[in-house]
Amino acid sequence: MKKRMLNPVFIAAVAGLTYQLLVKYGVAPEAGVYQAAVDIVTYAIIGVGIYKTFPADSTKE
């Protein structure tokens with residue numbers, strides 16, 4: 001399940017569905033603002049994924 005949620009196509013689909021629901025209920029921000037928020041969240045997910053690939057440094061105290 002975690003692997004599926006980190007798939008870029010799945011993230012894009014969820015973002016698109018979320019935006020369509022917000023438009024339907026009249027609470028959607030401008031498309032550019034929403035896209036910026038989606039980009040920030042996506043980059044954060046990518047960054048955490050990359051950070052987790054590095055081994056933990058157990059010599060720090």
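**The largest pocket**

Start with the largest pocket, which holds about 180 Å³ of space. Keep in mind that this is a predicted model. Rolling a probe the size of a water molecule over the atoms shows where empty space is left.

Select the lining next: Met5, Leu6, Phe10, Ile11, Val14, Ala15, Ala37, Val38, Val41, Thr42 and Ile45. Now color by element. Helix H2 (8-24) and helix H3 (31-51) are the elements that give two or more residues to this lining. Which of them gives the largest share? It is H3, with five residues.

Switch to coloring by class. The lining has 10 nonpolar residues and one polar residue. No charged residue takes part in the lining.

**The surface patch**

Turn to the surface and select Met1, Met5, Phe10 and Val14. These residues form a nonpolar patch. Together they have about 410 Å² of accessible area. Keep Met5, Phe10 and Val14 highlighted for a moment, since they also belong to the lining of the largest pocket.

Zoom in on Met1. Met1 sits in the segment before helix H1 (2-5). Is Met1 buried or exposed? Its relative accessibility is 73%, so Met1 counts as exposed.

**Along helix H2**

Move to Pro8, which is in helix H2. Pro8 is exposed, because its relative accessible area is 62%, and the cut-off for exposed is over 50%. Draw a distance from the C-alpha of Pro8 to the C-alpha of Pro29. The separation is 22 Å, for two residues 21 apart along the chain.

Stay in helix H2 and select Val23. Val23 is partly exposed, with a relative accessible area of 43%. Draw a second line, from Val23 back to Pro8. These two are 15 residues apart in sequence, and their C-alpha atoms are 22 Å apart in space.

**Along helix H3**

Now select Tyr34, in helix H3. How does Tyr34 rank, buried or exposed? Tyr34 is buried, because its relative accessible area of 16% falls under the 20% cut-off. Add Ala15 to the selection. From C-alpha to C-alpha, Tyr34 and Ala15 are 9.0 Å apart, with their positions 19 residues apart in sequence numbering. Ala15 is one of the residues that line the largest pocket.

Go on to Ile50, still in helix H3. Ile50 has a relative accessible area of 46%, so this residue is partly exposed, between the cut-offs of 20% and 50%. For a last distance, pick the C-alpha atoms of Ile50 and Asn7. They are separated by 14 Å, and the two residues are 43 apart along the chain.

**Back to the pocket**

Finish by showing the lining again, with Thr42 and Ile45 among its residues. Highlight the H3 members, five residues in number.

Methods: Residues numbered from 1 in each chain as written. Predicted model: local features only at pLDDT ≥ 70, side-chain atom pairs only at ≥ 80, totals over all residues. Heavy atoms only, no water. Patch = residues over 30% accessible without salt bridge, like charges linked within 9 Å, V, L, I, M, F, W, Y side chains within 5 Å. Areas by Shrake-Rupley, 256 points an atom, 1.4 Å probe, with all protein chains shown as cover. Salt bridge = Lys/Arg side-chain N within 4 Å of Asp/Glu carboxyl O. Helix = DSSP H or I, 4+ residues; strand = E, 2+ residues; numbered from the N terminus. Buried < 20%, exposed > 50% of the residue type's maximum accessible area, 1.4 Å probe, protein only. 1 Å grid on protein atoms, 1.4 Å probe; cavity = no way out; pocket = protein on both sides within 12 Å on 5 of 7 lines; lining within 4 Å. Points joined across faces, edges and corners; volume = space filled by probe spheres on them. Nonpolar A, V, L, I, M, F, W, Y, C, P; charged D, E, K, R; others polar.
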